[in-house]
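Dear colleague,

Here is the structure I promised to send over. Please open it alongside this message.

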Amino acid sequence: MGVSRVGSWTSGLVVDRDAGWQQLRVAKASRRRSIAGRVVRLLVAGLRWLTVLVCGFAYHNPIPAALLALIGALLAFGLPWAALGAVLLAAAGVVAWFLLAPELFDRWVVSPGRRWWRRRRYAAAWADVMVAGRLVVTDRRRRELVPKVARIRQGRFADVLTVRLPNGITREAFAEHLDALAQAMRAREARIVPAPGRWAPGWLRNRAAAEFAPGVHKPGRVFVRLAFGDPLAHVIAGNQLADDGEDVDHSAVRVGRRDDGAEWRVSLLGTHVLLAGATGAGKGSVLWAILASMGPAIRAGTAQVVGLDPKGGMELGFGRELFRHLVTMDGPDAEDEAVAFLEGLAEEADRRAGMLAGRARTLSPSVELPFVLIIIDELASVTAFISDSKRRQRADAALGRLLTKGRAPGMCVVGALQDPRKDVVKWRDLFPTRIALRLVEAGQVDLVLGDGAHARGARCEAIATTTPGVGYVAEDGAAAITRVRAAYLTDEDIRRIAATYRPGPVDAGGGLRVVDSEPDHPPEAGDLAA
């Protein structure tokens, strides 16, 4: 049989010589144990399990553990009535705490219990999920290896697991089983996230070799975010987005909140933004949140807004006072107006690029040369739904010039669309920032956010219809897919912001006026005026 026993009975080694040197299997021979020995082993294992359980519960749940310890001590000292009084007093305190301060009660009592229970589930179900998903490899010693949880970073709403991958299992193969992992762990969703940053003193970071600096992903490891609660379930009020006390940072405009509790900020300077979502997904919330945050800059004159609303002004018309020029496409010459609007913006991008050439690589917004925000409420209206083929070609050419040349000279296009088909999002790669709200089909996610976004956890088709403004964000140069929710502004909020930050009279007639600069002076042109 090719199996021989090596050594004496006490050494107990069995060697399979037919396995080959690269798969040599060495196992200890079994010994007969008495019933008493088995009972002792079971008792030791049970005592160890109970110790780990009690210590883990006490560590993660200090308040309930302290109450239970107090009650146990009273019973141990023969004071049953005192223990009963402590139970009644603790019960009354818990009920009063829950009724008077439910948020604090959940944070300090319920959430620690949830975190402890999640750890118990990870220990009990992780290996079964890996085996069921066939994420198993066999090493040279014929050991079956599965991805292993190396570290758990727990939060109130989500946990981030550091998973160590054995040789032979890739990050892409692991990502295919995120849905099964979320279901087994009773999580709302599972998503691959970049490696968490580690703090290091500045003097150490400056002296470390940049060639060996850790990247976004660490080889052999994957970081999985399991979300159990939804901090974006509540509507975010948008009436406090604009802050008169601070200057607007065009590279970090407040829009809403991320699912990790941090503010969601969008960069508008040096980029374009693609916004996609089905009917009622909350595209208007994102647009108006951006405009509200830009309010102080609009009033100061360092930013100007122009827009195209194919719905006759039904969406953008609420804040008409904020726009220097607004095309509503509600007349017989609507298509001509839209094409002329885009061609005028493309010419402005050419002028600005020519003025900044050799002087500056990016624009620093000022009153003399302001930042221009271009809102196109339905991108398909100018890229697919124009009936005349010549006008459509002109619109495509103008939009291509604007997207290609407009970023550096301070012109940002925010293009919203409802139907992310291939012929509509052919300009997707020219939008470095992409936002996908609720979508109809899973296949539309990759069309908007980029290839592989759905596999990395962007489940836009699963967003509930009762949570408008919730979506996922992908940015060029960032591997993370971030779940966010935009702030909501009521009609009254929009009218108030438009009246407060109005830049001046609205250009209702059409053109973009450019003030030429002297050749020997720094560029002060390109101002879009009424």
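My notes on the cores, the aromatic rings and one helix follow.

This is a predicted model; local features need pLDDT of at least 70, side-chain atom pairs count only at pLDDT 80 or more, and totals for chains, interfaces and linings use all residues. Residues are numbered from 1 along each chain as its sequence is written, and side-chain values use heavy atoms, without hydrogens and water.

Cores. The largest nonpolar core (buried Ala, Val, Leu, Ile, Met, Phe, Trp, Tyr and Cys residues joined through side-chain atoms within 4.5 Å) has 45 residues. Buried means under 20% relative accessible area, exposed over 50%, partly exposed in between (1.4 Å probe, protein chains only). Those with the most contacts inside this core are W264, L268, V286, M294, L322, F323 and L373. Helix α8 (residues 283-293) gives the largest share, 7 residues. Helices are DSSP runs of H or I, at least four residues, numbered from the N terminus. Another core, of 43 residues, lies apart; A334, I376, W427 and A458 are among its members.

Rings. There are 5 aromatic pairs (ring centres within 6.5 Å; planes under 30 degrees apart are stacked, over 60 edge-to-face, the rest tilted; for Trp, the six-membered ring counts). W97 and F105 have ring centres 5.6 Å apart and planes at 80°, so they pair edge-to-face. W97 is partly exposed at 27% relative accessibility; F105 is buried at 10%. F57, W116 and W117 form a cluster through ring pairs.

Helix α12. It covers residues 389-405. Buried here are A395, D396, A398, L399, G400, L402 and L403.

Best wishes

Key:
Helix = DSSP H or I, 4+ residues; strand = E, 2+ residues; numbered from the N terminus. Expected span 1.5 Å × (residues − 1).
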